[in-house]
Amino acid sequence: MVQRNILLMTTLGHRDILLDEQPLPRDRFRTTCQELLDTVKRDPSCWNRIRFPLLERLLQWVRTLDGPDAPLALRDLHLSLYLIATDQRGGRFAETDTVALAALAEEWVKRRQEAFGALRVRRWTFDGNPAAFDETLFFFRKLAAEGAVPSIDAPTRVLVHVTSGTPALVFGTLVGLAPVLPRSTLVLVLPPGADSPLPFALLPELERLQSLRDAALALEHWNPALAAAFLERAGAPSPFQQMLRALALRLQFDFERALRLLEREVLPDAEYPMLRRLAEEETRYLQALVRAVEGIRVAETPAPEPYRVLLEELWQSAKIAWSRNDAATFLATLFRFQEAVLRWATEHTLGLPTGSRREGGKAVSLPAYQERLAHDPVFREVASRNGIDPVRPPSRDALYALLSVAAERGDPLAQRVLDACRPIDALAGLRNASIVGHGFEPVSREAIADRLRETQQRSDPETLLDELARAAGIDTTTVPLEALRTNLLQLLEQLQVRPT
């Protein structure tokens, strides 16, 4: 036969004992239990008047854990019983304590050893306020930290009975001991009149709920990839996980993979209408982003229009990086945004293509760009004066010089863009010397603010970003992805109350 090791913990309360089939008086509960303990020690026959209805049903049920048709033989049962009692040590509520009940129950269990197999009994006595949740939680956490719970091997079944005791005592037992209990732990409740307890796996459910909360927290901090990992741990439906993974890919500007993920893993699932609606909206936007990227990639002539949706995406990306205190990513994206706005404005106001192609293993400017800089007298003079090589793709300095032509001709857009771009240049030295440039200088919000002060810039970094966005015609009042994030957070809240 296989030996079965069982660890049973049970909170104790006033319903756990009957004397002559009647409950003990509540105003003398502790005293009566102590008197009964003293009495049975003198006269063991008095045990016939005492009954422990809950504990007896629990111990009988333990033998049937493998099924009622195959009760465990007593010789194969090794039971460790932990009785959880209270002892306020004086005061007007001391009579409600169960410390004497625990001592009486221990004596009763030991006298019936032959009915319960190999048995070891231990008592845990909480000496604080049994109505105070914080005190009970601290007590059981301290027990767990001090190793009061024995090392539990895989074959050992752990049971926690919580029908009795105050709500705070039950809470402290379950939450305080949770870190040292195995996931297979069963929580037992004995409903009134029931012959056997109702077991349920509380710890996996607590882990599920905690993982869902962790997913929401990760999403609040703009980390959808981590949120998806927590959803996977929580066993959340796959479409929710894939929606967050698609959002993570979008934040990495991997629009095509994000689009494929939505089309393959989220849209076909019609069980969650709100999620499907969000996925449909996101799909349409991703399709526009993919078209924009492709439009710029293949353009041989000026193509300013595809830049519009991508400029907003860059601005949004920088805003998100700043909000999650990722200063290095913010700095890198800020300058990428500046360059993109300069390219867009140059193509829009001057009709100069700013893209490039590969020739002989290196990037060269487009023929239309080379042609204009070589033969247009104005652009040829600007190129000569500023050292612009028409063969090389336009650098940031080249874009500044070329866009100045449009500004000198009175183009208000060109002037707005130049005016918004120049203050950002105060951070160029920090960018170049940092890990997003060519060095290892630290990048932080403080370092960025210090550099702006050193260069006598009065605006904060986020304001500089928004001013450039407005110059490019972007509405900076809201970050578009914040609406999607808000809706996804609402869906995660619904998952927490959804039956499993």
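Me: Let's fix the classes before anything else: Ala, Val, Leu, Ile, Met, Phe, Trp, Tyr, Cys and Pro count as nonpolar, Asp, Glu, Lys and Arg as charged, and the others, Gly among them, as polar. With that in hand, what is the make-up by class of the lining of the second largest pocket?

Reply: Bear in mind that this is a predicted model. The lining has 10 polar residues, three nonpolar and two charged. Among the 15 lining residues, G13, H14, T96, G165 and T166 lie nearest the centre. Gly, Thr and His are not on the nonpolar or charged lists, so these five count as polar. The volume of this pocket is about 280 Å³.

Me: And what does the lining of the largest pocket look like by class?

Reply: That one divides into 11 nonpolar, four charged and three polar residues. The space in the largest pocket is about 370 Å³, and 18 residues line it, with V293, I296, R297, Y307 and R336 closest to the centre. By the class lists, Val, Ile and Tyr are nonpolar and Arg is charged, so V293, I296 and Y307 go in one bin and R297 and R336 in the other.

Me: Which helices supply at least two residues each to that lining?

Reply: α11 (273-298), α12 (307-323) and α13 (327-350) do.

Me: What makes something a cavity rather than a pocket?

Reply: The way out. In a cavity a 1.4 Å probe fits but cannot get out, whereas a pocket is an open set. The structure holds one cavity of 30 Å³ or more, with about 50 Å³ of space. Its lining is I296, A299, T301, A303, Y307, E347, P353, T354, G355 and L366. By class that gives six nonpolar, three polar and one charged; Glu is on the charged list, so the charged one is E347.

Me: Why say that β1 and β4 pair?

Reply: Pairing needs at least two bridges between the strands. Strand β1 (residues 4-11) and strand β4 (residues 77-86) have eight, in the parallel sense, so they qualify. One of the partnerships is I6 with L79 in β4. β1 also pairs with β6, again in the parallel sense, over five bridges, and there T10 has H161 as its bridge partner.

Me: Where does the sheet go from β6?

Reply: β6 (residues 157-161) runs parallel to β7 (residues 186-189), with three bridges joining them. H161 stands opposite L188 there. In between, the chain passes through helix α6 (residues 167-177), giving a β-α-β crossover.

Me: Why is that crossover called right-handed?

Reply: Because, with the strands pointing away from the viewer, the path from β6 over α6 to β7 runs clockwise. After that, β7 pairs with β8 (residues 198-200) in the antiparallel sense over three bridges, and V187 stands opposite F200.

Me: How many residues of β1 are buried?

Reply: Seven of eight, so seven have under 20% relative accessible area. That is what makes β1 mostly covered.

Me: And why do you put the buried residues of α8 on the same side?

Reply: In helix α8 (residues 224-234) the buried ones are P224, A227, A228, F230, L231 and A234. They cover an arc of only 160° around the axis, and therefore sit on the same side of α8. On the other side, E232 and R233 are exposed, so each is over 50% relative accessible area.

Definitions and conventions. Residues are numbered from 1 along each chain as its sequence is written. This is a predicted model: local features need pLDDT of at least 70, side-chain atom pairs count only at pLDDT 80 or more; totals for chains, interfaces and linings use all residues. Side-chain values use heavy atoms; hydrogens and water are left out. On a 1 Å grid over the protein atoms alone, a cavity is a set of points where a 1.4 Å probe fits but cannot get out, and a pocket is an open set with protein on both sides within 12 Å along at least five of seven lines; lining residues have an atom within 4 Å of a point. Grid points are joined across faces, edges and corners, and a volume is the space filled by probe spheres set on the points. Helices (H or I, at least four residues) and strands (E, at least two) are DSSP runs, numbered from the N terminus. Buried means under 20% relative accessible area, exposed over 50%, partly exposed in between (1.4 Å probe, protein chains only). The arc is that of the directions from the helix axis to the C-beta atoms.
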